[in-house]
Amino acid sequence: MSSTEPEVSEPAASEVSDALLGPADIRELATALGVRPTKQRGQNFVIDANTVRRIVRTAEVTRDDVVVEVGPGLGSLTLALLEAADRLVAVEIDDVLAGALPATVEARLPARADRFTLVHSDAMQVTELPGPPPTALVANLPYNVAVPVLLTMLARFPSIERTLVMVQAEVADRLAAEPGSKVYGVPSVKANWYAHVKRAGSIGRNVFWPAPNVDSGLVSMVRRTEPVATTATKEEVFAVVDAAFAQRRKTLRAALAGWAGSAPAAEAALVAAGISPQARGESLTVEEFARIAEGKPAAQDKPAAQDKPTAEGTA
């Protein structure tokens with residue numbers, strides 16, 4: 001983590017709306033609902049109203065935005081987003097939390113309740129959202145599914161222009177990593193396929209309940225105004241990325257042998273793309289991966305059996 005990276009600071013208490021949830025509110029809601037955060041779903045609820053207000057400001061949400069939030073939980077970030085946006089769609093998988101959130105919104109922000117919609121579903125299964133197309137994604141993503149959910153939402157909803165997600169600090173570093181970094185990998189390349197990515201701040205553990213064992217980070221993503229210039233499809237490019245990082249210690253000539261059909265075929269595709277066969281995946285940009293995908297031998301058009309999606313996200 002860079003020493004110059006901005007910390008998420010707290011605004012003055014007078015700037016925090018009475019509608020937002022504080023620690024006592026969160027615990028009262030949780031007790032009433034019989035809710036205990038579960039590790040299985042990576043649940044860590046934000047209990048600091050100042051933090052959610054700053055997240056909304058960092059996301060630059062305005063009244064022109066239709067925001068989608070994934071994993072709203074008890075509604076901490078939801079209420080702050082709803083105050084700022086034109087409309088908010090929240091996607092929640094948990095039965096109890098999904099059932100309770102509309103009532104929380106109605107009770108604390110009655111004037112904005114008609115601008116809120118709850119989708120009770122697994123975000124990985126959502127293929128359409130009610131109302132106008134979303135323009136922004138802002139979420140505190142569960143640590144265990146952060147990358148797959150993020151990439152899936154960006155793939156399925158191209159109208160999302162801006163994204164700000166709170167994720168585990170390690171995941172934030174991976175998403176925002178540049179070629180040559182030790183943590184540059186599958187999430188870094190695939191995120192860059194969709195958007196320009198950067199770290200947007202750090203968040204401590206004490207603003208969550210329960211407090212996680214790791215720090216969190218904010219990641220800002222701005223959708224590319226022009227897609228990566230390539231004749232290859234996203235699926236073809238991502239197949240190269242997955243193969244390259246599945247054996248990241250190997251040279252690309254060796255790592256891409258299964259993808260191309262043989263090591264010599266991989267070398268030919270690399271040379272045609274202007275890339276050294278001795279290079280490794282962590283040194284390549286998404287544009288370079290796209291060039292490799294364009295040169296896949298015609299006889300190997302069908303994906304090789306070993307080209308399986310990685311656990312880091314497949315969208």
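Trainee: Is the crossing of α5 and α7 left-handed or right-handed?

Mentor: The model is predicted. Helix α5 covers residues 146–156 and helix α7 covers residues 186–194. The crossing of these two helices is left-handed.

Trainee: Are α5 and α7 roughly parallel or roughly antiparallel?

Mentor: The axes of α5 and α7 come within 10 Å and cross at roughly 20°. Angles under 35 degrees count as roughly parallel. Therefore α5 and α7 are roughly parallel.

Trainee: Which residues in α7 are met by α5?

Mentor: On the α5 side, the contact is made by V147, L151, L154 and A155. Across both helices, the contact residues divide into seven nonpolar, no polar and one charged. The residues met in α7 are P187, K190, A191 and Y194.

Trainee: Which are the edge strands of the open sheet?

Mentor: The open sheet has seven strands with mixed pairing, in the order β4-β3-β2-β5-β6-β9-β7. An edge strand here pairs on one side only. The edge strands are β4 (116–120) and β7 (195–203).

Trainee: By how many degrees are neighbouring strands of this sheet turned against each other on average?

Mentor: The sheet concerned is the open one with the order β4-β3-β2-β5-β6-β9-β7. With direction ignored, its neighbouring strands are turned against each other by an average of 20°.

Trainee: Which residue in β9 stands opposite L164?

Mentor: Strand β6 takes in residues 162–168, and strand β9 takes in residues 216–223. These two strands run antiparallel and are joined by seven bridges. Opposite L164 in β9 stands S220.

Key. Residues numbered from 1 in each chain as written. Predicted model: local features only at pLDDT ≥ 70, side-chain atom pairs only at ≥ 80, totals over all residues. Heavy atoms only, no water. Axes fitted to C-alpha atoms, helices over the stretch in contact; angles between N-to-C directions. Helix = DSSP H or I, 4+ residues; strand = E, 2+ residues; numbered from the N terminus. Parallel < 35°, antiparallel > 145°, perpendicular 65-115°, else oblique. Left-handed = near helix turned anticlockwise from the far one by under 90°. Contact = heavy atoms within 4.5 Å. Nonpolar A, V, L, I, M, F, W, Y, C, P; charged D, E, K, R; others polar. Pairing = 2+ DSSP bridges.
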